Amino acid sequence: ATAIPAGMESAMTANFRHGDDLIAQLWIGSKDPDSFTSDEVEFVEKISQHLKSALLNARNAESVKELQRQLVGQNEILANMQDGIEGDFEAEAGEA
């Protein structure tokens with residue numbers, strides 16, 4: 001098996017890493033051999049940094065949303081616990 005589809009004669013890839021994690025890859029292929037100029041390779045290298053930043057920002061935004069969901073859930077649990085404690089205290093106070 002090959003990573004380059006049939007008919008592709010040249011390809012360029014850019015790996016987007018964050019630390020040791022591979023977060024994405026960009027593949028650009030052509031049916032023409034040696035079709036990429038040094039300017040095109042340089043352009044892909046430059047935009048790759050912007051794409052990596054955009055990917056990391058999107059991933060971080062999703063992480064923040066997940067944390068918010070977790071905090072809302074924990075806040076609801078704590079509110080229910082507080083209601084239960086207050087209810088127990090009021091019941092004991094009413095018995096006294």
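1. E62 counts as partly exposed, its relative accessibility being 40%. The structure discussed here is a predicted model, and this note follows E62 to its charged partner before turning to a second pair and to a serine in a strand.

2. The partner of E62 is R69: the two side chains meet in a salt bridge, with an N to O distance of 3.1 Å. R69 is likewise described as partly exposed, at 45% relative accessibility. In general, side chains of opposite charge can pair when their charged atoms come close.

3. R69 also forms a salt bridge with E66, and here the closest N and O atoms are 3.0 Å apart. Both E66 and R69 belong to helix α1, where three residues, about one turn of the helix, separate them. E66 has a relative accessible area of 34% and is therefore classed as partly exposed.

4. Which residues are linked in a network of salt bridges? The network consists of E62, E66 and R69. Within it, R69 meets E62 and also pairs with E66.

5. A further salt bridge joins the side chains of E42 and K46, at 3.3 Å from N to O. Where do these two residues lie with respect to each other? They are four residues apart in helix α1, which spans residues 38-95, so about one helical turn separates E42 from K46.

6. The two members of this pair fall into separate accessibility classes. E42, at 37% relative accessibility, counts as partly exposed. K46 has a relative accessible area of 52% and is exposed, because the class begins over 50%.

7. How many salt bridges does the count come to? The total is three. They are the pairing of E42 with K46, that of R69 with E62 and that of E66 with R69.

8. Attention may now pass from the charged pairs to S30. This residue is placed in strand β2, which covers residues 21-30. Is S30 buried or exposed? With a relative accessibility of 13%, S30 counts as buried, because the limit for that class is under 20%.

9. The surroundings of S30 can be described at two levels. Its side chain reaches the backbone nitrogen of D32 at 3.1 Å. When neighbours within four places in sequence are left aside, the residues in contact with S30 are G7, M8, E9 and S10, together with S35 and F36.

Definitions and conventions. Residues numbered from 1 in each chain as written. Predicted model: local features only at pLDDT ≥ 70, side-chain atom pairs only at ≥ 80, totals over all residues. Heavy atoms only, no water. Buried < 20%, exposed > 50% of the residue type's maximum accessible area, 1.4 Å probe, protein only. Polar contact = N/O pair within 3.5 Å; in protein donor to acceptor, adjacent residues only side chain to side chain. Contact = heavy atoms within 4.5 Å. Salt bridge = Lys/Arg side-chain N within 4 Å of Asp/Glu carboxyl O.
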